[in-house]
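Subject: Structure handover

Hello,

Here is the structure I promised to pass on. Please open it first, then read my notes below.

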Amino acid sequence: MANWPLKRELRQRLATCLIGVVGLSGLGGLSGCWDASKKDGVTGVVATSPVKVTDGKKVVRLNFPVAESGFDPVTAHDLYSSIIIDGIFDTVLTYDYLAQPAKLVPKIATDMPVIEDGGKSWTIKLKKGVYFAPHEVFGTAKRELTSKDVAYSFKRHYDDSLKPVWRFLTDGKIVGLNAWYEAGKKAGKLDWDAPVAGLELVDSHTIKILLTKPDFNFGYVLAHVAMSVVAREVVEKYPNDVLSHPVGSSAYYLKEWVRGQRIILEKNPNWRGGTWDFKPSGKDPYDDVIVKAMQGKPLALIDRVEVYPIEEEQSRWLAFKNKQLDVLNMPSSFIKQALPNGKLSPELVAEGVRVQRLLDTEYTYTYFQWSDPVWGGSELHKVALRRAVAMAIDRDEEIEVIRKGNAVRAEFLVPPGVAGHKADFSSNVKYNPSLANALLDKFGYKKAADGFRNAPDGKPFAFRYTSTPTTTEREFDELYKKNMDAIGIRYEAEKEKFADSIKREKRCQIMIRGAAWIADYPDGDNFMQLLYSKNIGESNNGCYKSAAFDALYEKSSQLPDGPDRDKLYMEMQKQFEADTPWALGVTRYRNQMIHPWVVGYKKHPILLSEWMYFDVNMEKGK
Amino acid sequence: MLAYIARRLWQIIPTMLGVILLIFFLFSVVGGDPAYLLAGKISNPEQIANIRKQLGIDEPYWMQLLIFIKQVVTFDFGSSWSTNEVVSQIFATRLPASLMIGIPLLILETIIAITIALAVAYVRGSFTDRAAMVTCTMAQSVSILVYIIVFQYALAYKWGLFPVQGWGNGFFENLFKFAALPILIALVVSLAPNIRLYRTFLLDEVNQDYVRTARAKGLSENRVMFVHVLRNASIPIITNLMIQLPGLLVGLFLIERFFSVPGIGREVILAVERSDFPVIKAVTVYVALATMLANLAADLLYKAVDPRVELK
């Protein structure tokens, strides 16, 4: 094993020399051969040693399946940019590395916020000695993070020129913030120095946030990557290009960025430090191994994080097997090969590879347009139609064939790993095509001469499913067509670009479409709001309207997680099943493949970057 | 000659106007609304309207068209809507990687394809010729995706002859280490159709009267083939080469994605996925312009290789 990389390197050199000599001039070929032989793979992507050490630094190599877009917390709307932002910037709160379900803990706060006035007042004391990474705008002095920075970072979400995408997290929630924005809009310029009543700077390290109404979930907003704290001087230096110049106070800073090719982060020289101190969750035996290996060690043991965008699944998989990547989110095409019957293949076991299989905090669903004359509304025959279709969709086949066994059926409106989830709940809407047929017969959906059903008024209708023209969506077309044929409903596949679907969706113009929602924060409210009628045109993409559901949602949104809210969630689930505005889909697994030299690593369901919490073992890698 | 070049360059203007109108219609009129993608997970109509305003797509179409014409004239296409990177910077940083694969590929495929085509044309009708044509037909029938997947797995992963994927910093490191397998694959894929095409060009000439005359004069077969036949077949070969030149600007989409080459092809795919119209528009305009210039260059080359050609 130890010699294999050398042999591989030798063969690569021979091959490149051959190509050089044959393909180009002899001189060029030889010089290329010489040039390649001089390189040690440190700056390139090919690694000859499993554990990479650059100038004595510990390096971890990761990948993104999609290229990043930029690193401004206010404008980043893709997951992968957010991961980098999370590694560079600090948020007031963060998540306990091991706790299950996810638990909020302070990050730059000294303690958890003091919540008063029935959930309307949140007082946060910030740690002293939190410094931004060095930057020319700060001069030679260390720039400390203060409460002013927190308030400024909150206000930035209201700068229209940035095209902010996360304003909804605070929109209408903080006293005076929207009024400050409106005043700025009227004046044609936001007044950054004007105070906002709801962002009260008690002192340089204390901020009191006043909310317009009680919100016990505001802590999740404080932990959200979009609420990362930036320094005003940097923003003013690069007013429209913070995304290329992220300067934060967390453990890492952006050392090098070649767009779409590599993102290199190194440890922030002003990093405040800290000690690894987490307790096992008690729900995962591997937590004990992690705690044993990491307890008491300093935070951020890895000096350098290298991230390579690699779009193609085969390339990612082979790069991981070739030890060019240390951790890999297993590409779905190779799941059966790497995890036959859900267990790690013997080949990978022999190499010491570890797999962490966790359910993502998400689910998929198929919504029916509530304003559609055939499919939407609360008349009994329409409810029966939606229920019948929900019972006719074979999610088990979807899991087996399309998801390759890499998902479980979603039963409850709040997915696993999210506060408010009910693990023992089993939905009443189960796969049962015979019952679905009987239901349709009962409510007057009679079959016509062509073998397909007409609406009770005798008019023909179809299940028109909108999706993008991709291979996976074609598989869904085949499955749904088969499922609809089984209950005599015509199936139509409507293909369009994703952007067009979103536009029509916001206008309630799509009849039926599949969607997925991944938690912005691990609280049931983030999922229940998808069905709140006031969110039509925003996140309620099926445009579902139910006074009963709305009333329950409004009550639940005022409550913290607990038995009282759970009761309301159960009632909301019943109302949801009674109306069946969606057919719930599946919750997908994430399979993290981890090489043996990566120590203490565990993918957190919400936390985006875990780099400061794990280590690489030089001895194991050598 | 200069008058001809000036006239051809002048003709580019109305052609470009047509291209501009077509691109504008495709992207700005029927191309969908990127504001909905850029607005993130939860957005309201006010935010969508703000994004449209920031992007300038809330302006009347005639105004957007004028802005686009100005962009084409000044070669300043602004910034990418999704990454804020200046479009000219995207080209400046991504094009070298694409050219690093494209240029050696074009040189290698031309030399090898012409050599093999000459060889099989020389033994036309023989078993070797027929075997070569059958092989080319079979090779052409296989998708490039299959070549990529098989070569990447076998040559790079299994046998370790090349890196599986990646891109480095140095020119020679990239050319001889990281670009080697992508070039090899693209070469294998492109050789078969080119050999067949060039063989046809050569055989068209082989049966001409001047070839018979050359042979009757007692010239050697090598001289007949390499001097007389090849020179006369070079006009369609030049045409084929010139057609391929603008393709260098868009790179090799699939190869760049599979081998993580930070080239323009990969960037174009990303731009399409993100509805990043400034990048897509710029690529389309550049390719159209390059095509027109390549056509002009081809005409000039015709004259250079065949003095009988008159440029009017």
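Start with strand β10 of chain A, residues 262–267. Five of its six residues are buried, so the strand is largely enclosed by the rest of the structure. Bear in mind that this is a predicted model.

Which strands does β10(A) pair with? On one hand there is β9(A), residues 252–258, joined to β10(A) by six bridges. These two strands run antiparallel. A:Y252 stands opposite A:K267 of β10(A). The hairpin of β9(A) and β10(A) has three residues between the strands. A:G260 in that hairpin takes a positive phi near 70 degrees.

The other partner is β11(A), residues 304–309. Four bridges link β10(A) to β11(A), and this pair is antiparallel too. Here A:L265 stands opposite A:V305 of β11(A).

Now chain A as a whole. It has 20 helices and 22 strands. Its radius of gyration is 27 Å, close to the 25 Å from the globule rule for 622 residues, so chain A is as compact as a globular protein of that length. Along the principal axes, the C-alpha atoms fill a box of roughly 80 × 65 × 50 Å. Of the 622 residues, 46% are buried. Many contacts span long stretches of sequence: among those between residues at least 6 apart, 69% join residues at least 24 apart.

Next, the contact between the chains. Chain A gives 58 residues and chain B gives 55. On the side of chain A, four helices give two or more residues each: α1 (4–23), α2 (26–38), α9 (313–321) and α16 (498–506). The largest share, eight residues, comes from α1(A). By class, this side of chain A has 20 nonpolar, 21 polar and 17 charged residues.

Finally, confidence. How high is the mean pLDDT of chain A? It is 89, and 90% of the residues reach 70 or more. Two stretches of chain A need a separate word. Over residues 1–6 the pLDDT stays under 50, and the model has two contacts there beyond four places in sequence. Over residues 16–50 the pLDDT is below 50 as well. That second stretch has 71 contacts in the model beyond near neighbours in sequence. Keep those values in view when you look at α1 (4–23) and α2 (26–38) of chain A, which both give residues to the contact with chain B.

Best wishes

Terms used: Residues are numbered from 1 along each chain as its sequence is written. Chains are lettered from A and ligands numbered from 1 in the order in which they are written. This is a predicted model: local features need pLDDT of at least 70, side-chain atom pairs count only at pLDDT 80 or more; totals for chains, interfaces and linings use all residues. The radius of gyration is taken over C-alpha atoms; the globule rule is 2.2 Å times the number of residues to the power 0.38. A residue is buried if 20 or more other C-beta atoms lie within 10 Å of its own, exposed if 12 or fewer, and partly exposed in between; C-beta atoms are placed from the backbone. Two residues are in contact if their C-beta atoms, placed from the backbone, lie within 7 Å. Ala, Val, Leu, Ile, Met, Phe, Trp, Tyr, Cys and Pro count as nonpolar, Asp, Glu, Lys and Arg as charged, and the others, Gly among them, as polar. Two strands pair if DSSP finds at least two bridges between them. pLDDT is the predictor's confidence in each residue, from 0 to 100.
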